[in-house]
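Hi,

Here is the structure I promised to pass on. Have a look at it first, and then read my notes below.

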Amino acid sequence: MNYLRVESIAKSYGERFLFSNITLTIAKGERVALIAKNGSGKTTLLNILTGREIPDEGNVVFDKNISWAYLEQEPQFNEQSTLIETVFAADNEILRAVANYELVIENSDSSPNELQSAMEKMDALNAWDIETKIHTILTQLNLHHHLNKSVNLLSGGQRKRLALARVLLQNPDLMILDEPTNHLDIQMIEWLESYLKANDTTLLLVTHDRYFLDTVCTEIIELDDKKLFTYKGDYAYFLEKKEMRETFEAKELQSTKKQYKKELEWMRKQPKARTTKSKSRIETFHELKAKASLKKQVDKVEINMQMQRLGSKILETHQLKKSFGDFKICEDFTYLFKPGERIGVVGKNGVGKSTFLNLLLGTEKADSGRIIKGDTVKFAHYSQEGLDIKDDKRVIEVVTDIAEFIDIGKGQKLSATALLKRFLFDSKQQYNYVSTLSGGEKRRLYLLTILIQKPNFLVLDEPTNDLDIETLNVLEEFLEEYSGCLLVVTHDRYFMDNLVDSLLIFEGDGKIRSFNGNYQDYLNEMEEIKIANNELKSNSNPKKQNKSKSKIKLSFNEQRELELLRKELPKLQKKKVELEEIVGSGSSNYEELLQYGNELKTTNLSIDENEFRQLELSEF
């Protein structure tokens, strides 16, 4: 059954021709990834499919019996609505009951009567399964603590996650997703992979995340040279078949040019009067001429930058502390960065990874501790925010403001124009305004401005966002040969596994753990620990295990108990933090310290009991 049919569509903007004769179908159960170079029209194609733009030619047809939803790269909302109003913006009694229930749970001032009334309504509508699904999605996307927050106060990452939650909660037959992994941390991406596969969702998505692509998608379509090519397989299969296709096309073009040269000689020798047979050959000649004159764009980003000399002393941190109120970024962090070290920074969204980078760079002040930077260290910071320039600036001016000529090593210098061409900005595009660039093109230009500073310590904060896969491959090749220090925050596991040798893992509450190995090594270790813990629990209480298998649903009182536990846990955790600060203050009053120490012990025990009981109840 075909959910979506695209028939011979074409699109251009003035002289800029994006694509023509694009035809494809998306059938039920298919999970298709669309990939292409930045600026080739991926987002425009999705906008045409979803009716946001009109094609110059062709038709887009959805099966009238299915529902579909679109996750945009830059989602739009009613800015005055709250998060929960946006999520539950549907004329549906069950969703309204779930929304009311979530608000009661979220509100610490809710009375027991309000909670009981909300739960009775949920029971009457048999809405618990939907509530569980909604709660899971909002929790996994870290939105459950912001239900009453106005949309206009959300960060860019929160807005993207809200848009994703809205699409998932619609549970459509077909999802069209533009860069769904942007602004998700690694744990969120892994959950989203499992969710999409478990629900057997029909998908068409644009993504640069190669692990996500391999895990979720069964087919790849590539928009290249204004045409669409289909590959039934994973990313490695795509690379293999793409290379074979391009090799065949190159040979075919070479053969056409040889034949054209031969026919050109014939044309020059012929008299003006032509026979019927000759006229046929002339027509063939003109067809050959058209084919031979076609030039396939095979341009590739070239990164070849010199690095300033790096001495033996790099960067040291000693008992570094930083917090905002009760929220701790780092606590007594001590680390010695070594020459050529390549470190990945891992942790959930909101734990303070970007703030930590700013501490090391000196743009954020620590509460206490010391940071000692080597004399030869030259930082370059690729931030999530990207280019901070006026839209009325031309592309060439962005580079010439830094330097007219750039030293690329071995005595070679390139002009700003030549360097931009290496980064795939042709002569015409160099004089366009920055505002006309696609998101990926802006990130590519930003990358250029970072690398021409000749840094020997690169700090990259989400460098893979909006870059096409081909540019990512070239960037990886450059960084593999880069002899300076590399510190990278990224949700792209493929990128991280290829480049880093060790990790700094943000575990929360200011704890940063050093791990020797890449992200896959870390996952393997966590899996081994999880298996060992499960075996230990299973062996320690077989009776409880057998009992739990027979139970399939919570009673009313157990459901109420679970919600009360969820409300109580944050209060206990806050109390724990306050007590830890008092105990760690170094007060000379021994009796008070002993009293607070005993209270901290009791609080920790209460937290453990709360979490264990929640785990028991959540199994059903």
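How do α5 and α7 run relative to each other, roughly parallel or roughly antiparallel? Keep in mind that this is a predicted model. The two helices pack at an angle of about 150°, with their axes 10 Å apart. Angles over 145 degrees count as roughly antiparallel, so α5 and α7 are roughly antiparallel to each other. On the α5 side the contact uses Lys-133, Thr-136, Ile-137 and Gln-140, and on the α7 side Met-188, Trp-191 and Tyr-195. Sorted by class, that makes 4 nonpolar, 2 polar and 1 charged residues.

Now bring in α6, since α5 packs on this helix too. Helix α5 covers residues 128-140 and helix α6 covers residues 156-170; their angle is about 160° and their axes are 10 Å apart. So α5 and α6 are roughly antiparallel to each other as well, and their crossing is right-handed. Here Lys-133, Ile-134, Ile-137 and Leu-138 of α5 touch Ala-165, Leu-168 and Leu-169 of α6. The classes in this contact are 6 nonpolar, no polar and 1 charged residues. If you compare the residue sets, Lys-133 and Ile-137 turn up in the contact with α6 and also in the one with α7.

The remaining pair is α6 with helix α7, residues 186-198. Their angle is about 15° and their axes are 13 Å apart, so α6 and α7 are roughly parallel to each other. This crossing is left-handed. The contact is formed by Arg-161, Leu-164 and Leu-168 from α6, with Met-188, Trp-191, Leu-192, Tyr-195 and Leu-196 from α7. By class there are 7 nonpolar, no polar and 1 charged residues in it. Leu-168 of α6 is worth clicking on: this leucine meets α7 and is also listed in the contact with α5. On α7, Met-188, Trp-191 and Tyr-195 take part in the contact with α6 and in the one with α5.

Two loop residues around these helices caught my eye for their backbone. Asn-142 sits in the loop between α5 and α6, and its phi is positive, near 55°, without the residue being a glycine. With a relative accessible area of 26%, Asn-142 is partly exposed. Asp-200 is the other case, in the loop between α7 and β7 (202-206); this residue is not a glycine either, and its phi is positive at about 50°. I'm pointing these out because most residues other than glycine have a negative phi.

A positive phi also shows up after helix α1, where Gly-51 follows with a value near 80°. The helix itself, residues 42-49, is mostly covered, with 7 of its 8 residues buried. The buried ones are Lys-42, Thr-44, Leu-45, Leu-46, Asn-47, Ile-48 and Leu-49, so you'll find a lysine and an asparagine in that list.

Further along the chain, two more residues are worth a look. Thr-449 belongs to helix α14 (residues 439-451). Is Thr-449 buried or exposed? Its relative accessible area is 7%, so it is buried. Setting aside its neighbours within four places in sequence, Thr-449 is in contact with Leu-387, Val-398 and Ile-402.

Asp-608, in helix α20 (residues 590-618), gives another picture: at 47% relative accessibility this aspartate counts as partly exposed. Its C-alpha atom is separated by 9.7 Å from that of Leu-569, and the two residues are 39 apart along the chain.

Finally, the overall numbers for your notes. The chain has 620 residues, and 45% of them count as buried. There are 20 helices and 20 strands. Among contacts with a separation of 6 or more, 69% are between residues 24 or more positions apart. The accessible surface of the chain is about 32500 Å², and carbon and sulfur atoms account for 48% of that.

Over to you. I'd start with the three helices at the top of this email and work outwards from there.

Cheers

Notes. Residues are numbered from 1 along each chain as its sequence is written. This is a predicted model: local features need pLDDT of at least 70, side-chain atom pairs count only at pLDDT 80 or more; totals for chains, interfaces and linings use all residues. Side-chain values use heavy atoms; hydrogens and water are left out. Axes are lines fitted to C-alpha atoms, for helices over the stretch in contact, and angles run from 0 to 180 degrees between N-to-C directions. Helices (H or I, at least four residues) and strands (E, at least two) are DSSP runs, numbered from the N terminus. Angles under 35 degrees count as roughly parallel, over 145 as roughly antiparallel, 65 to 115 as roughly perpendicular and the rest as oblique. A crossing is left-handed if the near helix is turned anticlockwise from the far one by less than a right angle, and right-handed if clockwise. Contact means heavy atoms within 4.5 Å. Ala, Val, Leu, Ile, Met, Phe, Trp, Tyr, Cys and Pro count as nonpolar, Asp, Glu, Lys and Arg as charged, and the others, Gly among them, as polar. Buried means under 20% relative accessible area, exposed over 50%, partly exposed in between (1.4 Å probe, protein chains only). Accessible areas come from the Shrake-Rupley method with a 1.4 Å probe; for residues, only the protein chains shown count as cover.
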